[in-house]
Structure formats: C-alpha cells, structure tokens
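Me: I am new to this structure and would like to go through it slowly, asking what each term rests on. Please show it to me first.

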Amino acid sequence: MDFATIVQKRYATKQFDGKKIPEENVNQLLEMIRFAPSSFNIQPWKVVVISDQTVKEKLQPFSWNQPQITSCSHLLVFCADTDIENIIQRLEKQLVDEGAKKESIQRYLDMIRNFTKGLTPEQNVAWVQKQVYIALGNALNGAKALGFDSCPMEGFDQKGYTDTLHLPETLIPTVLCPIGYGSDQPTPKMRFAREDVFMRI
Ligand SMILES: Cc1cc2nc3c(=O)[nH]c(=O)nc-3n(C[C@H](O)[C@H](O)[C@H](O)COP(=O)(O)O)c2cc1C
C-alpha cells in the first residue's frame, strides 16, 4: 500500500476482533514510533505497551468504557515525559557514548536548557505533549501500513491511568492508541473542503 492509500484507509476503529497481532509486527510499529521526529530530538515520550487483558480490563472504566480498550490486541499509552533535565542528561550520555566530544554538544544542550527554562510548568507540559502527538501520527498510519488498525483516543481519565499503571508524576498519560484488527466498518470520511483547509499565497 502506498502512503496516500494508507492515509485514506486508516480509520478510528471502534471495535477490534480481539485477535493478537504477531509480536514481530508490534515491534515493527514500536520502531516507527521510536523514530518519530521531535523538537531538538528530545524524544520526550514513554509509551506503555499493554497486552495483558487484566490490565486492559482495569483501565476500561477509566476510558469512558469504550470497547476498543478490551477488544484491542495491544493498548499503547502515549505518555509525555516532562522531566526535561533528566532527558537532557540521557541525551548527553548517549551522544558521548556514541563518540561525540562533550564540548561539541554543549551548545546544543545549553540551547535546550535555555529554551525550556523560559517555559512555565504548564507550557512545558503543552510543549512536550505536542511532540507526543507526532509519535502518535506514526503509530496510526504505521499500524495501517503493517496491516492492522488503530484508534487515537483522548477519552480517558488521566489520573485513573496514572494510578492503575503506577506512573511517576513526571509521566503524563496523554493519548491512547489501541491497536488490533478492526471488526467494525469504517464510516465514510468527512473532511472540510480543500479551500477551507488550505490558504495558498
Ligand atoms: C486526539 C484525538 C482523540 C480522539 N479520541 C477518541 C476517543 O476517545 N474515542 C474514539 O472512539 N475516537 C476518538 N478519536 C477519533 C476521531 O473521532 C476520528 O479520528 C475522527 O472522527 C475522524 O475519523 P477517522 O479517524 O476514522 O478518519 C480521536 C481522535 C483524535 C485525533
């Protein structure tokens, strides 16, 4: 399937058939997520990958009881990692381990520190969450490319997820992406007209 077809065929699946996606394909999707772009390449995300049915059942009441949660093969919980200083230190360590000279990456790390220093805590969360949605985009189209379905979901209770998954307070559950094989039918696509969407200058 070429990318244009993938974009047309992907749809927000409401019901999955419960079959498990082969682990090899799940791992291919996780790689597509891992390689998503991010501002400064900061990669401020952690994706919780849930295949355990008991955990999915515990999460369903915190997901507006939406049927995708328990009928999917795997539930991906995209979390925003707000601990920027920790991420910067991880970036530094990995770059140095890969052969970069500390002096040569200092300017880059300072640039990230200077940028994030100017953000309020709320702005920091918003900035980090924006990056998470780019990774989500890879997951949604990537799933279709690999032959299965997905649904982006914001209909869930953040605290319920944090508590059930015992997440540290620096990780914010931001958006869900259940994946599996859809057993519903996609509804016809409704989108605004080109002239409403694009402004050519
Ligand atoms: C950020 C976001 C949150 C969404 N949350 C939900 C949700 O909680 N439950 C659901 O069934 N669909 C959810 N959707 C799916 C949208 O309703 C769907 O993408 C939109 O109607 C367009 O349909 P399509 O994706 O099938 O083309 C969400 C979509 C996005 C992008």
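Me: What makes the pair formed by a nitrogen atom of the ligand and a polar backbone atom of Pro-152 a polar contact?

Reply: A polar contact is a pair of N or O atoms within 3.5 Å, and in this predicted model the ligand nitrogen is 3.1 Å from that atom of Pro-152, so the pair meets the cut-off. An oxygen atom of the ligand also lies 2.7 Å from an N or O atom in the side chain of Arg-191, and a polar side-chain atom of Arg-10 is 2.9 Å from a ligand oxygen. Of the 620 Å² of accessible area that the ligand has on its own, the protein covers 65%, with areas taken from the Shrake-Rupley method with a 1.4 Å probe.

Me: Why is strand 2 called mostly covered?

Reply: Buried means under 20% relative accessible area (1.4 Å probe, protein chains only), and eight of the eight residues in strand 2, a DSSP run of E with at least two residues, are buried, so the description fits. His-74, Leu-76, Phe-78 and Ala-80 point one way, while Leu-75, Val-77, Cys-79 and Asp-81 point the other way.

Me: How do you know that strand 2 and strand 4 pair?

Reply: Two strands pair if DSSP finds at least two bridges between them, and eight bridges join strand 2 to strand 4, antiparallel, so they pair. Cys-79 stands opposite Pro-173 there.

Me: What do the numbers and values rest on?

Reply: Residues are numbered from 1 along each chain as its sequence is written, and side-chain values use heavy atoms, without hydrogens or water. Local features need pLDDT of at least 70 and side-chain atom pairs pLDDT 80 or more, whereas totals for chains, interfaces and linings use all residues.

Note on methods
Buried < 20%, exposed > 50% of the residue type's maximum accessible area, 1.4 Å probe, protein only. Helix = DSSP H or I, 4+ residues; strand = E, 2+ residues; numbered from the N terminus. Polar contact = N/O pair within 3.5 Å; in protein donor to acceptor, adjacent residues only side chain to side chain.
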